[in-house]
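Please open the structure in a viewer and keep the selection panel at hand. The tour below proceeds from the whole chain to a sheet, then to the cores and the aromatic rings.

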Amino acid sequence: MLNGHRHESKIPIPSGRLTRSQATSEASSVASGPRRSARLTSGSASSSAEPPELALTRARRAQPYIRTPSDDPHVAASSISRHTNDPFMKAFQAAGFESISWQTDRKRIASAFAPPMQLARDIPHELHDRLNNLSLGARLAGNMQVLVFEAEIRANTAQDEPTAPPIQIVNEVDDEPTPPLEFYYSNQMWHGEGVPPPDLESLQGCDCVGPCDPTSKTCACIKRQRERDWDRGGFIYDRKGKLRATEYPILECNMHCGCSEDCMNRVVQHGRQVDIAICKTPNKGWGIFAGPKKIPAYTYLGLYAGEILTHEESEVRGELYNKFGRTYLFGIDFWHLKDGTGDPKYCIDAYHAGNNHSCDPNCVIVACYVNEGNIDKPFLTIFTSRDVEPYEELCFSYTGDTADDEEEEEEEDDDEDEDDDEDEDDAEKAKRRSDAVFVKCQCGAPNCKGKMWK
């Protein structure tokens, strides 16, 4: 999702593009895929043969129908309830239709409407090929390449974050109109050869009705979170959708849960809610920057998305990438996945989707599980680790935990000859060990280590 390396740079983002309401309207027209539950509308439920709605009795009120803000307004207007003895349900059953409910049949419904598995070999490239076949003058005419690039980002993310503010492409450094055309902005995980599909069979959900209660003693999702050493009670999110801690995996409510869409434990699945822009930097290529408003600490920004590969395939690609000093391979090796072998089972290759590094990061990557029962295949979600100022670059550390980095750096310094040049020493080490090209870090942070990798 992210692309670039630095956080001190602040590039003003010009206005004059689509407003948030316009982008939301346009994205909503694209994102018309199936929702988590299928409900009748007042139009489809109306018929001259319908029985009259029965008045609620005191006995029926003993088990009230609880509406939540996530309920379809058309359903509310038609007074359709979830009760099996509802006259509408009886009429449909008499006509030969099967009666199902979200509470009892949600696993079957969710499986029928599960998102398809995305394959790495299917990453679209036709639009990029067409643009590459045009002359530079044609692509620059009327700012066409920028407009097409921004429109493609909206189309790629319309279904998973339809309410997200539009992303702008800004270059006030040189004449390159957009990031390289092979860059593909996506919030999807594209499965490589040998990577299994999402495990929906072992996916567990809660039986809550309406939004989950963080003080609940029976919510299965609270119990799942607690099983991952979470000992602070409730969910890992607060009621404003901010992370309460970044060192634990996130287990969100999912497609098998009975709770409503406005549950506080559904954050990543609702997508980005803050303004960001893709901006050209003077020394490091393209990066991701905050928009005109401050972004609070522990706010969700997006996914480190790309191809998910087996460990064996990532080793092959890593050797190739090392030869020209560029790699976006991210081993999925969080502490809760350690199995004693030392090697992660899977790896994310964001070569076509971008990266971001700084020795003094303002973001952190956290493992997150939504519609995936395989513990080895979390989303790599990006959250701010502190307040981010307007137009500040968004970045994280390639080397993992910065405290661990400092300890390893001290140990390496003790073993090195003080008279040797550190950059030259790193370059020679990389060449000798793996034939890798050493890339000097350009983050510009006061504590910059001069290198992007361990």
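**The whole protein**

Begin with a cartoon of the entire protein, which has 12 helices and 11 strands; helices (H or I, at least four residues) and strands (E, at least two) are DSSP runs, numbered from the N terminus. This is a predicted model, in which local features need pLDDT of at least 70 and side-chain atom pairs count only at pLDDT 80 or more, whereas totals for chains, interfaces and linings use all residues. Residues are numbered from 1 along each chain as its sequence is written, and side-chain values use heavy atoms, with hydrogens and water left out.

Colour by accessibility next. Of the 454 residues, 46% are buried (under 20% relative accessible area, with exposed meaning over 50% and partly exposed in between; 1.4 Å probe, protein chains only). The protein exposes about 23300 Å², of which carbon and sulfur atoms supply 51%; these areas come from the Shrake-Rupley method with a 1.4 Å probe. Contacts (heavy atoms within 4.5 Å) between residues at least 6 apart in sequence join residues at least 24 apart in 74% of cases.

**An open sheet of 3 strands**

Select residues 168-170, 276-281 and 285-290, which are strand 1, strand 4 and strand 5. They form an open sheet with the order 1-4-5 and mixed pairing; two strands pair if DSSP finds at least two bridges between them. Strand 1 and strand 5 are the edge strands, each pairing on one side only. Neighbouring strands of this sheet are turned by 25° against each other on average, direction ignored.

Which sense does each pairing take? Strand 4 and strand 5 are antiparallel over 6 bridges, and a hairpin joins them through 3 residues. Here Ile276 has Ala290 as its bridge partner, and Ile278 has Ile288. Strand 1 and strand 4 are parallel over 3 bridges, with Val170 opposite Cys279.

Now show the side chains of strand 4, where 6 of 6 residues are buried. In a regular strand the side chains alternate between the two faces of the sheet. Ile276, Ile278 and Lys280 lie on one side of strand 4, and Ala277, Cys279 and Thr281 on the other. Add residues 144-157: this is helix 8, which lies across strand 1 and strand 4 and runs at about 145° to strand 1 (axes are lines fitted to C-alpha atoms, for helices over the stretch in contact, and angles run from 0 to 180 degrees between N-to-C directions).

**The nonpolar cores**

Centre the view on Ile278 and Tyr304, the residues with the most contacts inside the largest nonpolar core, which has 56 residues. Such a core is a set of buried Ala, Val, Leu, Ile, Met, Phe, Trp, Tyr and Cys residues joined through side-chain atoms within 4.5 Å. Strand 10 (363-369) is among the elements that each supply at least two residues, and the largest share, 6 residues, comes from strand 10. Another core, of 12 residues, lies apart from it and includes Cys208, Cys212, Cys253 and Met264.

**The aromatic rings**

The structure holds 9 aromatic pairs (rings of Phe, Tyr and Trp, its six-membered ring, with centres within 6.5 Å; planes under 30 degrees apart count as stacked, over 60 as edge-to-face and the rest as tilted). Select Trp230 and Tyr248, an edge-to-face pair at 5.4 Å centre to centre with 85° between the planes. Both Trp230 and Tyr248 are buried.

Finish at Tyr304 and Phe396: their ring centres are 5.7 Å apart and their planes at 80°, so this pair is edge-to-face. Tyr304 lies in the loop between strand 6 and strand 7, and Phe396 in the loop between strand 11 and helix 11, so the pair ties together parts 92 residues apart in sequence. Both Tyr304 and Phe396 are buried. Add Phe330 and Phe334 to see one aromatic cluster formed with Tyr304 and Phe396.
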